[in-house]
Amino acid sequence: MASVMIKVAGEGLVNKAHRNSDPGPTTGSSVIYEVIGVPAGTSEDDVIDLVKKVVDKVPHNDSYEVEFSALAG
């Protein structure tokens, strides 16, 4: 299982964050999430598309980690 860093901008844009980014709020209006437990064979684009579907209510913990299984439903 892998993890993917995702950046959600304040205006709703979702894209890949730099792999060295720290999860949490940025100095701007963006938030960086670490999607953990990503199954092998799942592309970063698949994860981004999944986050776009639930961008208004990303289920994260205090360290801004999101379980892939929680996103996938």
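A residue counts as buried when its relative accessible area is under 20%. A salt bridge requires a side-chain nitrogen of Lys or Arg within 4 Å of a carboxyl oxygen of Asp or Glu. Both criteria bear on glutamate 34 in this predicted model. Glutamate 34 is buried, yet has no salt bridge. The nearest side chain of opposite charge belongs to arginine 19, and the separation is 12 Å. The cut-off for a salt bridge is 4 Å, so a pair 12 Å apart does not qualify.

Confidence was examined next. The mean pLDDT of the chain is 90. A value of 70 or more is reached by 100% of the residues. Among the elements, strand β2 (residues 14–16) has the highest confidence, at 95. The lowest is found in helix α2 (residues 68–72), where the mean is 88.

The surroundings of glutamate 34 were then considered. Glutamate 34 sits in strand β4, which spans residues 31–38. Its side chain makes a polar contact of 3.2 Å with the side chain of serine 3. Beyond four places in sequence, glutamate 34 touches Ser3, Val4 and Met5, together with Pro23. Tyr64, Glu65 and Val66 are also in contact with glutamate 34. Serine 63 lies 29 residues from glutamate 34 in sequence, with a C-alpha to C-alpha distance of 8.7 Å. Serine 63 belongs to the loop between α1 and β5. Serine 63 is partly exposed, at a relative accessible area of 37%.

Tyrosine 64, one of the residues touching glutamate 34, has an unusual backbone. Most residues other than glycine have a negative phi. Tyrosine 64 is not a glycine, yet its phi is positive, at about 60 degrees. Tyrosine 64 is placed in the loop between α1 and β5 (65–67). Its relative accessible area is 22%, so tyrosine 64 counts as partly exposed.

Isoleucine 32 also lies in strand β4. Its relative accessibility is 8%, and it is therefore classed as buried. Tyr64 is among its contacts beyond four places in sequence. Others are Met5, Ile6 and Lys7, along with Ala17. Ser21, Asp22, Pro23, Gly24 and Thr26 are likewise touched by isoleucine 32. The C-alpha atoms of isoleucine 32 and isoleucine 6 are 5.6 Å apart, although 26 residues separate the two along the chain.

Serine 21, one of the contacts of isoleucine 32, occupies the loop between β2 and β3 (24–25). Serine 21 is buried because its relative accessibility is 18%. Its side chain reaches the backbone oxygen of histidine 18 at 2.9 Å. Met5 and Ile32 are the residues that serine 21 touches beyond four places in sequence.

The nonpolar interior was examined through its largest core. In soluble globular proteins, nonpolar side chains tend to be buried together. Here the largest nonpolar core has 17 residues. Ile6, Val35, Val47, Val51 and Leu71 touch the most other members. Two or more residues of this core come from each of β1, β4, α1 (44–53) and α2. Outside its sequence neighbourhood of four places, isoleucine 6 contacts Val14, Asn15 and Ala17. Isoleucine 6 also meets Val31, Ile32, Tyr33 and Val35. Val47, Ile48 and Val51 are further contacts of isoleucine 6.

Lysine 7 is found in strand β1 (residues 2–8). Lysine 7 is partly exposed, since its relative accessible area is 33%. Leu13, Val14, Asn15, Lys16 and Ala17 lie in contact with lysine 7. So do Ser30, Val31 and Ile32. Valine 51 is 44 residues from lysine 7 along the chain, and their C-alpha atoms are separated by 9.8 Å.

Side chains of opposite charge can pair when their charged atoms come close. The structure holds 1 salt bridge. The side chains of glutamate 44 and lysine 16 form this pair, with an N to O distance of 3.2 Å. The pair links distant parts of the chain: glutamate 44 belongs to helix α1 and lysine 16 to strand β2, 28 residues apart. Glutamate 44 has a relative accessible area of 36% and is therefore partly exposed. Lysine 16 is partly exposed too, at 47% relative accessibility. Glutamate 34, by contrast, is buried and has no salt bridge.

Key:
Residues numbered from 1 in each chain as written. Predicted model: local features only at pLDDT ≥ 70, side-chain atom pairs only at ≥ 80, totals over all residues. Heavy atoms only, no water. Helix = DSSP H or I, 4+ residues; strand = E, 2+ residues; numbered from the N terminus. Buried < 20%, exposed > 50% of the residue type's maximum accessible area, 1.4 Å probe, protein only. Lys, Arg positive; Asp, Glu negative; His and termini not counted. Polar contact = N/O pair within 3.5 Å; in protein donor to acceptor, adjacent residues only side chain to side chain. Contact = heavy atoms within 4.5 Å. pLDDT = per-residue confidence, 0-100. Core = buried A, V, L, I, M, F, W, Y, C linked by side-chain atoms within 4.5 Å.
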